[in-house]
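Here are some exercises to work through with the model open in your viewer. Try each one before you read its solution.

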Amino acid sequence: MQITLAAVGHARPGPERLLFDQYRRRLGWSFALKEVEEKRPLSVPERIARETALLLGAVPQGSLMVSLDERGAVYSSEAFAARLAAWRDHGRAKIAFLIGGADGHSDELRNQSDLLLSFGAMTWPHMLVRALLAEQLYRAECILANHPYHRG
């Protein structure tokens, strides 16, 4: 599988970045991080629109789009792995995960997404969400390979 993470903001050195990098290195799947950022002072609606354009521009052509969003579906680790396997088995080997900025995704981006995915009702720091996603991708890979990492 070819995984792309398109995310608003640039990760700075720190524990969240270290955790993300730890799981990213473990992944056997191809993984690319594409960070985008709008630095101009814009109104919230203008910033969300600009971030939408930047995120969509970072998605490789032909990729299935999964947007991390509080309104999204909540999956168990096993169900997430099964979803990834189903996409893979149906020829959808390129998947892009999108993490928006502080004000979230636009309706336009949500509507273009193949899946809205949530890590629960709580609000998570965006840099920590990167680490959570990388860990769940690694866990899914292990589940699909019957590796003992996942003992759910």
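**Exercise 1. Find which strand gives the most residues to the lining of the largest pocket, and describe that lining**.

Step 1: strand 3 gives the most, with four residues. Strands are DSSP runs of E, at least two residues long, and helices are runs of H or I, at least four long, both numbered from the N terminus. A pocket is an open set of points on a 1 Å grid over the protein atoms alone, where a 1.4 Å probe fits, with protein on both sides within 12 Å along at least five of seven lines; lining residues have an atom within 4 Å of a point.

Step 2: before going on, note that this is a predicted model, where local features need pLDDT of at least 70, side-chain atom pairs count only at pLDDT 80 or more, and totals for linings use all residues. Numbering runs from 1 along each chain as its sequence is written, and side-chain values use heavy atoms, leaving out hydrogens and water.

Step 3: sort the lining by class, and you get nine nonpolar, eight polar and five charged residues. Here Ala, Val, Leu, Ile, Met, Phe, Trp, Tyr, Cys and Pro count as nonpolar, Asp, Glu, Lys and Arg as charged, and the others, Gly among them, as polar.

**Exercise 2. Work out which helix gives the most to the lining of the second largest pocket**.

Step 1: helix 5 does, with four residues.

Step 2: by class, that lining divides into ten nonpolar, four polar and one charged.

**Exercise 3. Decide whether Arg-110 is buried or exposed, and track down its partners**.

Step 1: Arg-110 sits in helix 4, residues 107–112.

Step 2: its relative accessible area is 13%, so call it buried (under 20%; exposed is over 50%, partly exposed in between, with a 1.4 Å probe and protein chains only).

Step 3: look at the side chain. It reaches the backbone oxygen of His-105 at 2.8 Å, and a polar contact of 2.8 Å joins the side chains of Arg-110 and Asp-107. A polar contact is a pair of N or O atoms within 3.5 Å; within protein, one must be able to donate a hydrogen and the other to accept it, and residues adjacent in sequence count only if both atoms are side-chain atoms.

Step 4: leaving aside residues up to four places away in sequence, Arg-110 touches Asp-69, Arg-71, His-105 and Leu-116 (contact means heavy atoms within 4.5 Å).

**Exercise 4. Place Ala-6: which strand holds it?**

Step 1: Ala-6 belongs to strand 1, residues 2–8.

Step 2: at a relative accessible area of 0%, Ala-6 is buried.
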